[in-house]
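Good morning, and thank you for making time for this presentation. I would like to take you through one structure, beginning with how its chains meet.

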Amino acid sequence: MSTLQVSLYRYNPETDSAPYMQEFQIDTQGRDLMVLNVLELIKEQDSTMVYRRSCREGVCGSDGMNMNGKNGLACVTPLSDVVRNNKLVLRPLPGLPVIRDLVVDMGIFYRQYERIQPYLQNDDPTPAIERLQSPEDRDKLDGLYECILCACCSSSCPSFWWNPDKFVGPAGLLQSYRFLADSRDTATRDRLADLEDPFSVFRCRGIMNCVSVCPKGLNPTRAIGKIREMLLTNAT
Amino acid sequence: MSMRSLTFDAIIIGGGGSGLRAALELAKSGKKTAVLSKVFPTRSHTVSAQGGITCAIASADPNDDWRWHMYDTVKGGDYITDQDAAEYMCSEGPKSVFELEHMGLPFSRFDNGRIYQRPFGGQSKDFGKGGQAARTCAAADRTGHALLHTLYQNNLKNNTTFLNEWYAVDLVKNANNDVVGCIAMCIETGEVVHVKSKATVLATGGAGRIYASTTNALINTGDGIGMALRAGFPMQDMEMWQFHPTGIYGAGVLVTEGCRGEGGYLVNKDGERFMERYAPNAKDLAGRDVVARSMVMEILEGRGCGEKGDHVYLKLDHLGEEVLGKRLPGIVELSKTFAAADPAKEPIPVVPTCHYMMGGIPTNVHGQAIMQDADGKDQIINGLFACGEAACVSVHGANRLGGNSLLDLVVFGRAAGMYIEGALNEGIDYLDASQSDIDSALARMNRWNESGNGESIPALRAELQDIMQTSFGVFRQEDHMQEGVKKLADLRGRIAEAHLPDKSNAFNTARVEALELDNLMEVAEATAISALERKESRGAHSRYDYPDRDDANWLKHSIYFPLEKRLGKRDVNFKPKTVDTFEPKVRTY
Amino acid sequence: MVTNITNPGRSGLADWLIQRVSAVILALYTLFIVGYLLFNPGLDYIAWSGLFSQAWMRIFSLLAFVSLAAHAWVGLWIVTTDYLNKWVGIRLAVQTFIILAVFVFLVWGIQVLWGA
């Protein structure tokens, strides 16, 4: 069978009073396409269907969406990974306001990222060359700096659904730890002080949805655990 | 209909590496600046850069010298690199790289704590006499991602204003032909505004999407080039397109040259390391144009791999899982996803793939855009700046070296920012645009919005990409190119009549794609006519019918004038300020 | 930093620590009671009240009651800030009710332990 049954979330604020699901039949010619390719084929049929995309190789983080119930990047998700019974259901990332079709408003996600001061802070005088860092210290940033801000993790996290304005969310916390773990950053105390309230970090209940959906194979739950350890060490 | 206007001291169009670097400089200076980007900045194509940023920071080799880097750059560009620009980039480079490190870029490290540097193609010590150099500073194989995020983060720190998911439609010029802003559309709401600014910076990146097979992101549609051409400004060296040797066969996804820098090599169907024949010294680390041509020769002569014999293999398995995991983790991931091959066990199928536009908007080292007056003399275009891939400074000449693009972004992004800050301090005063000036910048948008019927946008785009792929690929020849130019002329007429079916306002990506198609058309035509007229082979521009470099006639930049669709020439700068001129020599690796 | 006034420890870290320590105490207490019941199959009122007349058992029980109160307060406070996060008035009312209920049960528990 090479005709794929695609069920797509549609909503255009100018014409629709409520969102609805639209069915498409897509001829894949038997190829194991990426979900993004399927969207391109749909767009050729119906140019009013909208989604975000850019690099098409899983590094820019534009095309995070919900595919058969699981968040991921359309461009690096082959049909064989998600399609069951020849059916593919595509929805926008959950928990974020929908602008149109698969495009969500990521404002609150970005604001949580900005809140953790996602930049290196160092009060020491700037050297004439680079700041030195041992390979071992640099290794501590692996698994952290690779985040592409696709929001697959935060939008799969129930704690973020409930309190997106207060809980930083897995993506923001992963980046928070990326700077806490950086041997070149000197703002550790201030960073921790900003996180010890009951929401920012402690809303994480460790259900690991974030780990299960991260298209880059990163582990925000572990980073959150490390932040908690640092908070504990700092306060006892 | 009244249109809202926004006013800035400087507007930067494009949120990639060069745009963000320029913005950072201006944000620090306190000027009223905004970055206008059609995607959230970290979705820009800089994020896909892998291997690194080439710069003589003297880490791998304490005796490294920026002059050696400059020599490589000039030679790599087949001697139409502007030597004053290469001198500026290579000498200012270390400052820019250290700055990035201070901003937090997570470079990989040597045991002594300094920035890790790997060998890349076309690098040498001691002006080509000292063997292979290792000069490319890397953050594993995700340097572009690390660089772009670091720059975005530091713009947040410095409170830069962002207009994210806004699309720049066209430049607005006043009666004196000065650029005084642009027309832009908020993609989310469809609102169209007039952005007024004293300095307009085109940092819109490349246009690889004019080809059917490209490593470029889907957003690389040459928007800045299209805007400048429609405004009547000339383009330089548009025939010079780099084909990267290692795009994944079928998918077009890039596999970094760093793979070969770390010890990988290319083999044909007989398992032969064929680059030993084409470039006995540098082998797999010859210039990209040289390697790409050699691969195509292997394929044409029947030594290609696979059922159709239309690609070759990149062998990495001998490096071992540890090196792959530490130095090339992203490549392992991409290869598994897009080639279904684990590089630790089997080779990656690769083929030369359109990668980079060496040409672009001619600028000086301050990012000021240049045109020619009636006598063929350089003349500054008031109010218009360009940096990054959209600009042609020209540091890359006829062929860019690996790792030089990221350096170009930060060095010239910073230079443009510094120059604009100075100019704003001295005071800039241009005539305001009249209503008719604004209307003419709106004309294209209005045309699409009023289109009633006509051909579909995706079909026309695919046709354009096929023409470019067929007639303007790695090897070129007169008759094919003439055919291509003719087809493009026809296509231009049809695009002018094409139909935008979706006229809605909220996040209308079909409208964005329509506007992008116009830009692809502009870039394709400039490329085609420039390629047809440069009757020699130099760097990335190889012709069967003119196989040799012709320094007597073509040791020049080509300069394309869009109004007359004519190709002129512009002198290459051979006068660096602090070093002797590198005289043109036969280019071998 | 997100500010709060109705959570028990006034800081996420304190709440988190309270919940984990109280959980350990409750687990130990439960194990002890279950073990005691298993090892004393023919348990009668005399033996049972004898156990609770000893000072160490009363202290252990009080510790467990306080832990239960703290654990419930932290846990239910979190539940209200999740499920009732859009209705401030209702949330405040429910939180007040929870605090009062926890207080009443705790005092009642103390009275049962020492009052007999």
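Let us begin with the contact between chain A and chain C, to which chain A brings 18 residues and chain C brings 17 residues. Please keep in mind throughout that this is a predicted model. Between them, chain A and chain C bury about 1700 Å², and carbon and sulfur atoms account for 63% of that area. On the side of chain A, the residues that lose the most area to chain C are Trp162(A), Pro198(A) and Arg203(A), which together make up 33% of what that side buries.

Arg203(A) deserves a second look. Its side chain meets that of Asp82(C) in a salt bridge, at 2.8 Å from N to O. The count of salt bridges between chain A and chain C is 1. Polar contacts add to the picture, with 7 residue pairs found across this interface, both residues being at pLDDT 80 or more.

Which helix gives the most to the side of chain A that touches chain C? Helix α9 of chain A, residues 220–235, does so, with 4 residues. By residue type, that side of chain A divides into 8 nonpolar, 2 polar and 8 charged residues.

I turn now to the other interface. Of the 2 pairs of chains in contact, chains A and B share the most contacts. Here 62 residues come from chain B and 60 residues from chain A. The buried area is about 4800 Å², of which 52% lies on carbon and sulfur atoms. Within chain B, Arg43(B), His102(B) and Leu218(B) lose the most area to chain A, yet together they amount to 15% of what that side buries.

How many salt bridges cross the interface of chain B and chain A? The rule finds 8 salt bridges there. One salt bridge between these chains links Arg53(A) with Glu513(B), whose closest N and O atoms are 3.8 Å apart. Polar contacts between chain B and chain A come to 35 residue pairs, again with both residues at pLDDT 80 or more.

Several helices of chain B take part. Helices α3 (83–103), α4 (143–157), α10 (329–339) and α15 each supply at least two residues of the side that touches chain A. Among the elements of chain B, α4(B) gives the most to this side, with 7 residues. The residues of that side comprise 28 nonpolar, 19 polar and 15 charged.

What of chain B and chain C? No contact joins these two chains, and their closest C-alpha atoms lie 18 Å apart.

I shall close with a feature inside chain B. Three of its strands form an open sheet, in the order β10-β21-β22, with antiparallel pairing. Strands β10 (235–236) and β22 (566–571) of chain B each have a single partner strand and stand at the edges, so one side of each is left without a neighbour in the sheet. In general, the strands of a sheet pair through backbone hydrogen bonds, in either a parallel or an antiparallel manner.

Strand β21 of chain B, residues 556–561, is joined to β22(B) by 6 bridges. One example is His557(B), whose bridge partner in β22(B) is Arg570(B). Helix α15 of chain B, residues 509–533, packs on this sheet and touches both β21 and β22 of chain B. The direction of α15 makes about 135° with that of β21(B). This is also one of the helices that supply residues to the side of chain B touching chain A.

Methods. Residues numbered from 1 in each chain as written. Chains lettered and ligands numbered in written order. Predicted model: local features only at pLDDT ≥ 70, side-chain atom pairs only at ≥ 80, totals over all residues. Heavy atoms only, no water. Pairing = 2+ DSSP bridges. Contact = heavy atoms within 4.5 Å. Axes fitted to C-alpha atoms, helices over the stretch in contact; angles between N-to-C directions. Buried area = accessible area lost by both parts, 1.4 Å probe. Salt bridge = Lys/Arg side-chain N within 4 Å of Asp/Glu carboxyl O. Polar contact = N/O pair within 3.5 Å; in protein donor to acceptor, adjacent residues only side chain to side chain. Nonpolar A, V, L, I, M, F, W, Y, C, P; charged D, E, K, R; others polar.
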